[in-house]
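User: Hi there, could you walk me through this one? I'd like to start with the empty space.

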Amino acid sequence: MSDDREVVVVEHQEDDPAGLIGDWLDARAIGWTVVRPDDPEPDPATPAAIISLGSSHSAYADAPEWIARHRRFLRGALAAETPVLGVCFGAQALSLAGGGAVTRAARPEVGWVDSESEQAELSGPWLAWHSDSITAPAAAVPLARSPDALQAFRLGRSLGIQFHPEVTPLIWSWWAESEPDLALRHLGDLDHFAAEVKAREAELRARVFALLDWWHSSLAQG
């Protein structure tokens, strides 16, 4: 991303904005613009990179109609060799766009997830909130796993990550408020967990920046 083109950040819903990823883009003086489901998508060959964020919908669903449109958009990005960073739903859509699969997980991952990888920047713990599971495309290279799920894969110049590096304490509180039963079932004391996320905010920010620096230098810049 050494030219003047902007990064396109696809925010699928209001309670999952760019968060720490946006902070990293700003800190690295990388221009970026937000696209939402009702907006016209750009030509996938034109951005410096595409970052596809999370959604409460499943990436394999046919409704709302924008989901199938987003899968086509990512297929176009792969064909154009535009680097994609897919996060949770975005990683699942990237897998489907590349010929992989996404299915309902045997059990959701909510809270801290232990991601193990030979790539230090991908190793956990990370925050997770998902009920679907990725089978990476045949051409992809798996990069990280937890006991229950594939957590990261590389597909050409693109990277899919199942966990959520964008999450701030505020974003986490929005999710817990939107699905309190799921949060309670997996986390128990929500106030205690929210306090832990807040206490680890600086640590998470540093690790997110290291992860994105690695993505930027090793994949996104070619």
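**Cavities and pocket**

Analyst: Sure: the second largest cavity holds about 30 Å³ of space. This is a predicted model, where local features need pLDDT of at least 70 and side-chain atom pairs count only at pLDDT 80 or more, while totals for chains, interfaces and linings use all residues. Residues are numbered from 1 along each chain as its sequence is written, and side-chain values use heavy atoms, with hydrogens and water left out.

User: What lines the second largest cavity?

Analyst: Its lining is made of Leu20, Trp126, Leu127, His164, Pro165, Val167, Leu204 and Val208. Strand E6 (126–135) and helix H7 (201–220) each give at least two of the lining residues; helices (H or I, at least four residues) and strands (E, at least two) are DSSP runs numbered from the N terminus. By class, this lining has 7 nonpolar residues, 1 polar and no charged. Here Ala, Val, Leu, Ile, Met, Phe, Trp, Tyr, Cys and Pro count as nonpolar, Asp, Glu, Lys and Arg as charged, and the others, Gly among them, as polar.

User: How many cavities does the structure hold?

Analyst: There are 2 of 30 Å³ or more, and the largest has a volume of about 60 Å³. On a 1 Å grid over the protein atoms alone, a cavity is a set of points where a 1.4 Å probe fits but cannot get out, whereas a pocket is an open set with protein on both sides within 12 Å along at least five of seven lines; lining residues have an atom within 4 Å of a point. Points are joined across faces, edges and corners, and volume is the space filled by probe spheres set on them.

User: And which residues line the largest cavity?

Analyst: Val10, His12, Val35, Arg36, Pro37, Asp39, Glu41, Trp66, Arg69 and His70 do. By class they are 4 nonpolar, 2 polar and 4 charged. Helix H2 gives the largest share of that lining, 3 residues.

User: Nice. How much space lies in the largest pocket?

Analyst: About 390 Å³. The largest pocket has 21 lining residues, and Ser55, Ser56, His57, Trp129 and Glu179 are the ones nearest its centre. H3, E6 and helix H4 (169–178) each give two or more residues to that lining, with the largest share, 4 residues, coming from E6. The lining divides into 5 nonpolar, 11 polar and 5 charged residues.

User: Switching to helices: at what angle do H2 and H3 pack?

Analyst: H2 (residues 66–80) and H3 (residues 89–97) pack at about 65°, and their axes are 8 Å apart. The axes are lines fitted to C-alpha atoms, for helices over the stretch in contact, and angles run from 0 to 180 degrees between N-to-C directions.

User: Who makes the contact?

Analyst: From H2, Trp66, Ile67, His70, Arg71, Leu74, Arg75 and Leu78; from H3, Phe89, Gly90, Ala93, Leu94, Leu96 and Ala97. Contact means heavy atoms within 4.5 Å. By class, the H2 and H3 contact has 9 nonpolar, 2 polar and 2 charged residues.

User: Why is H3 described as largely enclosed by the rest of the structure?

Analyst: Because 8 of its 9 residues are buried. Buried means under 20% relative accessible area, exposed over 50%, and partly exposed in between (1.4 Å probe, protein chains only). The buried ones in H3 are Phe89, Gly90, Ala91, Gln92, Ala93, Leu94, Ser95 and Ala97.

User: Is cysteine 88 buried or exposed?

Analyst: Cysteine 88 counts as buried because its relative accessibility is 3%. This residue sits in the loop between E4 and H3, and has a positive phi of about 55° although it is not a glycine.

User: What about alanine 29, buried or exposed?

Analyst: Exposed, at 70% relative accessibility. Alanine 29 is in the loop between H1 and E2, and also takes a positive phi of about 55° without being a glycine.

User: Where are the cis peptide bonds?

Analyst: One joins alanine 63 and proline 64, with omega about 0°, and proline 64 is in the loop between E3 and H2. Another runs from glycine 124 to proline 125, with omega near 10°; proline 125 is in the loop between strand E5 (101–113) and E6.

User: Last one: what does aspartate 132 touch?

Analyst: Leaving out residues up to four places away in sequence, aspartate 132 touches Ser58, Tyr60, Gln92, Val102, Thr103, Arg104, Ala105 and Gln162. Aspartate 132 is part of strand E6 and, at 4% relative accessibility, counts as buried.
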